[in-house]
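Got the viewer open? Let's take a walk through this one, one selection at a time.

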Amino acid sequence: MAARSYNQYCGLARSLDTVGDRWSLLIARELLLGPMRYSELLAALDGIATNLLADRLRNLESAGVVERQVGETGGVVYALTPWGAQLRETIESFVRWSTPLMIRGRAGDASEPRWLAVALRALLHARTARWPAEVGIEVPGHFVTLRIDEDGPHVTVQPDQRPDTILTGEPEVVLGLAAGALTIDQALTVASVQGDRRVLTTVFAGGPA
């Protein structure tokens, strides 16, 4: 348990004791996409001081949320433990809850395309399709594949192969589509699609699959 505590015998209070410090849930967000080196976390979390990142990782590791592993090419990487990975539900709930805040626009806030992978799965969590539909999403500096099937959404970051249908646009446009704040027609006034537009209907608008 963190040094600072609410000292309340309450599940919410004890959860916040563990992951409620500034940056802690954002570290978990990054690790939902897979293990990362310390330097990669530091680069992804622009604005966090290196000593603060070390402190947060130490606390999360002590609490059993994060663990160290040996990376595929050697060296230490940080990963969520099976218990820590259960934070996905909490993080995705926050993403869905944030929709009224996000439709205000980006303003001067930083935007990392990799965050799109977490947000898409969260916003489209209830979407299913009888027949799988797959669309590539290209935003500046990043590419993900979004697949909808009978089990729901699946997002692959930097896939080996690109699907036949690709949506190209800014992250806020893609998020607007996924949140239902934009129709496909509205989105395509500032974005473009290559391939079968009907795939967008299946993926984003709940069309027949």
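Is Arg29 buried or exposed? Select Arg29 and have a look: with 13% relative accessibility, Arg29 counts as buried (buried is under 20% relative accessible area, exposed over 50%, partly exposed in between, with a 1.4 Å probe and protein chains only). Before going further, keep in mind that this is a predicted model, where local features need pLDDT of at least 70, side-chain atom pairs count only at pLDDT 80 or more, and totals for chains, interfaces and linings use all residues. Numbering starts from 1 along each chain as its sequence is written, and side-chain values use heavy atoms, with hydrogens and water left out.

Arg29 sits in helix H2 (residues 24-31); helices (H or I, at least four residues) and strands (E, at least two) are DSSP runs numbered from the N terminus. Now show what Arg29 touches: leaving aside neighbours within four places in sequence, Arg29 is in contact with Leu45, Ile91, Trp115 and Val118 (contact means heavy atoms within 4.5 Å).

**Next stop: H6 and H8**

Select helix H6 (residues 87-97) and helix H8 (residues 115-123), which pack at an angle of about 80° with their axes 9 Å apart. Axes here are lines fitted to C-alpha atoms, for helices over the stretch in contact, and angles run from 0 to 180 degrees between N-to-C directions. H6 and H8 are therefore roughly perpendicular to each other (angles under 35 degrees count as roughly parallel, over 145 as roughly antiparallel, 65 to 115 as roughly perpendicular and the rest as oblique). Turn on side chains for Arg88, Ile91, Glu92, Val95 and Arg96 of H6, and for Val118, Ala119, Arg121, Ala122 and Leu123 of H8: they make the contact.

**On to H9**

Keep H8 on and add helix H9 (residues 171-179), where seven of the nine residues are buried. The axes of H8 and H9 come within 9 Å and cross at roughly 15°, so this pair is roughly parallel. On the H8 side, pick Leu116, Ala119, Leu120 and Leu123; on the H9 side, pick Pro171, Val174, Leu175, Ala178 and Ala179. By class, that contact has nine nonpolar, no polar and no charged residues (Ala, Val, Leu, Ile, Met, Phe, Trp, Tyr, Cys and Pro count as nonpolar, Asp, Glu, Lys and Arg as charged, and the others, Gly among them, as polar).

What else covers the buried residues of H9? The cover includes strand E3 (133-139), strand E6 (166-168) and helix H11 (197-204). Right after H9 comes Gly180, with a positive phi near 80°.

**Over to the sheet**

Colour the strands: five of them form an open, mixed sheet in the order E5-E4-E3-E6-E7. Strand E5 (152-157) and strand E7 (192-194) stand at the edges with a single partner strand each, so one side of each has no neighbour in the sheet. Zoom in on E3 and strand E4 (residues 142-149), which pair in the antiparallel sense over seven bridges (two strands pair if DSSP finds at least two bridges between them). Click Ile137, and you'll find Val144 of E4 opposite. Bring the helices back: H8 lies across E3, E4 and E5, while H11 lies across E3, E4, E6 and E7.

**Last clicks**

Finish with Gln158, in the loop between E5 and E6. Gln158 has a positive phi near 45°, though the residue is not a glycine, and is partly exposed at 45% relative accessible area.
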